[in-house]
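The following exercises concern a single protein chain. Each task is followed by a solution that proceeds step by step.

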Amino acid sequence: FLLVCLSTTSAVAQDEPVVEDVAARRAEAEEALASGDAARAVEILAPLAAGHPDDALVAARLGEALSRAGRASEAREPFVRAFALAPELIAAYARVGMDRALDGRADEAVAFLRGPRAAVPALSADATWAPLLRASGVARRGMGQFPAALADLQRAVELAPKFFTNRFLYA
């Protein structure tokens, strides 16, 4: 019995990367993204995401790498998966985007939020999306994209009408 258990464990270990390998591959992808090599990050993250479909962070980083690589239409699905697995990532992306927008880097914020923004369901009534829409609206306003900014901010108010900042930014 012990031999069967050990051989089963060994087979699993050979087929799937251990946690340290996943962390090492994710770190390698982070380095590629930091150096501006989004294509390399996609090469690393795509098989990692396929092998670990429940890893929200890998899915989110794959979405970001695809977006940075100019493959925005492909970026939506990994972001949808990541946000479904870990809804708290929505607020995290919104905070980073909002910080960039308020620091006078609206162009960076719009680029950063493009993939996550595409994941927002058109007919959703979920207030969880409000911070992302709010950040996108502020960033777009900073870029002079007023109709798009107004649409995002209006939708944020519709989703979370009691949130004062939404009304303030919309007004």
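**Exercise 1. Determine whether Phe83 is buried or exposed, and describe its aromatic pairs.**

Solution. The model is a predicted one.

Step 1. The relative accessible area of Phe83 is 3%. The cut-off for a buried residue is under 20%, so Phe83 is buried.

Step 2. The whole structure contains five aromatic pairs. In one of them, Phe83 and Tyr93 meet edge-to-face, with 6.0 Å centre to centre and 70 degrees between the planes. Phe83 belongs to helix α5 and Tyr93 to helix α6, so this pair ties together parts ten residues apart in sequence. Tyr93 also counts as buried, at 7% relative accessibility.

Step 3. Phe83 and Trp129 form an aromatic pair that is likewise edge-to-face, at 5.7 Å centre to centre and 70 degrees between the planes. This pair links distant parts of the chain, since Trp129 lies in the loop between α7 and α8, 46 residues apart from Phe83 in helix α5. Trp129 counts as buried at 9% relative accessibility.

Step 4. Ring pairs join Phe79, Phe83, Tyr93, Phe112 and Trp129 into a cluster. Over the ring of Phe112 sits the charged end of Arg100, 4.6 Å from the ring centre.

**Exercise 2. State which residues have the most contacts inside the largest nonpolar core, and which helices supply it.**

Solution.

Step 1. The protein chain has ten helices and zero strands.

Step 2. The largest nonpolar core has 46 residues, and those with the most contacts inside it are Ala41, Leu45, Phe83, Leu89, Tyr93, Trp129 and Leu132. Helices α2, α3, α4, α5, α6, α7, α8 and α9 each supply at least two residues of this core.

Step 3. Consider Leu89: leaving aside neighbours within four places in sequence, Leu89 is in contact with Ala56, Ala60, Ala82 and Phe83.

**Exercise 3. Establish where Asp152 is placed and whether it is buried or exposed.**

Solution.

Step 1. Asp152 is located in helix α9.

Step 2. Its relative accessible area is 2%, so Asp152 is buried.

Step 3. Not counting residues up to four places away in sequence, Asp152 touches Arg117, Leu133, Ser136, Gly137 and Arg140.

Step 4. Helix α8 covers residues 130-142, and its buried residues include Leu133, Ser136 and Gly137. Helix α8 reaches 18 Å from its first C-alpha to its last, close to the 18 Å expected. Gly144, with a positive phi near 80 degrees, follows α8.

Key: Residues are numbered from 1 along each chain as its sequence is written. This is a predicted model: local features need pLDDT of at least 70, side-chain atom pairs count only at pLDDT 80 or more; totals for chains, interfaces and linings use all residues. Side-chain values use heavy atoms; hydrogens and water are left out. Helices (H or I, at least four residues) and strands (E, at least two) are DSSP runs, numbered from the N terminus. The expected span of a helix is 1.5 Å times one less than its number of residues. Buried means under 20% relative accessible area, exposed over 50%, partly exposed in between (1.4 Å probe, protein chains only). A nonpolar core is a set of buried Ala, Val, Leu, Ile, Met, Phe, Trp, Tyr and Cys residues joined through side-chain atoms within 4.5 Å. Contact means heavy atoms within 4.5 Å. Rings of Phe, Tyr and Trp (its six-membered ring) pair if their centres lie within 6.5 Å; planes under 30 degrees apart count as stacked, over 60 as edge-to-face and the rest as tilted. A charge sits over a ring if NZ of Lys or CZ of Arg is within 6 Å of the ring centre and within 35 degrees of the ring normal.
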